[in-house]
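Q: Here is a protein model to go through. Each label should be justified by its cut-off.

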Amino acid sequence: MIGDMHELDEDGEHDPDECGACIEREHAVDCECRCGDCCRSLVLEADLRDAAREPRIAQECRPIKGFDDEIEGYLLNDRSHGLACHFLDAATNLCTIHETRPLMCRVFHCDQARSDPDHPLFALE
C-alpha cells in the first residue's frame, strides 16, 4: 500500500486498474433498489483488504485458499442462509455490514443490472 490508501503490485508499482482504493473511488455506487437479489444470486467473495476493513468477514466466513494453502480471500455465500450472503438480514433485506461491505458490493450496480434485461442476474425473472 502507498500510505493507507493505495495498493502496490508484485513489482512494487501502483496500478490504478488493480488497486482496490482506486477502483472504489472511481466506481463505487449506492444503489437504491435494496432488493437483495445480488446478495442472494451472485457468488460473493471478499479479499484480504475487505477482511481487514470488516473483521467479521474473516471471523465468520469460509476462507478461500490458494495453491500454497494461504488464505487469499473469503466466500460470503452461506449454506445456512440458502447460499445468500452471510451478512444479508433476511427479515429486513438489508446488509448488516453495509458501512464496511466488500469492494465487490461497493462497485456492483444492481440498479443498472436490473435495467438490463440481458443481465444474467435478472434475465430469468
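Q: What makes Asp68, Asp69, Glu70 and Glu72 a negative surface patch?
A: In this predicted model, these four residues form a negative patch on the surface. Asp and Glu count as negative, Lys and Arg as positive, while His and the chain ends are not counted. A patch takes residues with over 30% relative accessible area and no salt bridge, and joins like charges within 9 Å (nonpolar side chains, Val, Leu, Ile, Met, Phe, Trp and Tyr, within 5 Å). The place of a charge is CG of Asp, CD of Glu, NZ of Lys or CZ of Arg. Areas come from the Shrake-Rupley method with a 1.4 Å probe, and for residues only the protein chains shown count as cover.

Q: Which ground rules apply to the model and its numbering?
A: Residues are numbered from 1 along each chain as its sequence is written, and side-chain values use heavy atoms, leaving out hydrogens and water. The model is predicted: local features need pLDDT of at least 70, side-chain atom pairs count only at pLDDT 80 or more, and totals for chains, interfaces and linings use all residues.

Q: Where is Asp68 found?
A: Asp68 sits in the loop between β2 (62-65) and β3 (71-75). Helices (H or I, at least four residues) and strands (E, at least two) are DSSP runs, numbered from the N terminus. The protein has 6 helices and 5 strands. Their order from the N terminus is α-α-β-α-α-β-β-β-β-α-α.

Q: Why is Asp50 called buried?
A: Its relative accessible area is 3%. Buried means under 20%, exposed over 50%, and partly exposed in between (1.4 Å probe, protein chains only). So Asp50 counts as buried. Of the protein's 125 residues, 34% are buried.

Q: What makes the pair Asp50 and Arg53 a salt bridge?
A: The closest N and O atoms are 3.3 Å apart. The criterion is a side-chain nitrogen of Lys or Arg within 4 Å of a carboxyl oxygen of Asp or Glu, so the pair qualifies. Both residues lie in helix α3, 3 residues apart, about one turn of the helix. Arg53 has 26% relative accessible area, so Arg53 is partly exposed.

Q: What polar atom lies 2.9 Å from the backbone nitrogen of Leu103?
A: A polar atom of the Asp50 side chain. A polar contact is a pair of N or O atoms within 3.5 Å; within protein, one must be able to donate a hydrogen and the other to accept it, and residues adjacent in sequence count only if both atoms are side-chain atoms.

Q: How do you know that Arg56 and Glu60 form a salt bridge?
A: Their closest N and O atoms are 2.9 Å apart. Arg56 and Glu60 are 4 residues apart in helix α4, so about one helical turn separates them. Arg56 is partly exposed at 29%. Glu60 is partly exposed too, at 35%. A search of the whole structure finds 2 salt bridges.

Q: Why is Cys61 called buried?
A: Cys61 has a relative accessible area of 8%, so Cys61 counts as buried. Its place is the loop between α4 (55-60) and β2. Cys61 and Glu45 are 16 residues apart in sequence and 9.7 Å apart in space, C-alpha to C-alpha.

Q: What makes the phi of Leu83 notable for a residue that is not a glycine?
A: The phi of Leu83 is positive, about 70°. Most residues other than glycine have a negative phi. Leu83 lies in the loop between β3 and β4 (88-89). At 47% relative accessible area, Leu83 is partly exposed. Asn93, also not a glycine, has a positive phi of about 65°. Asn93 is in the loop between β4 and β5 (94-95).
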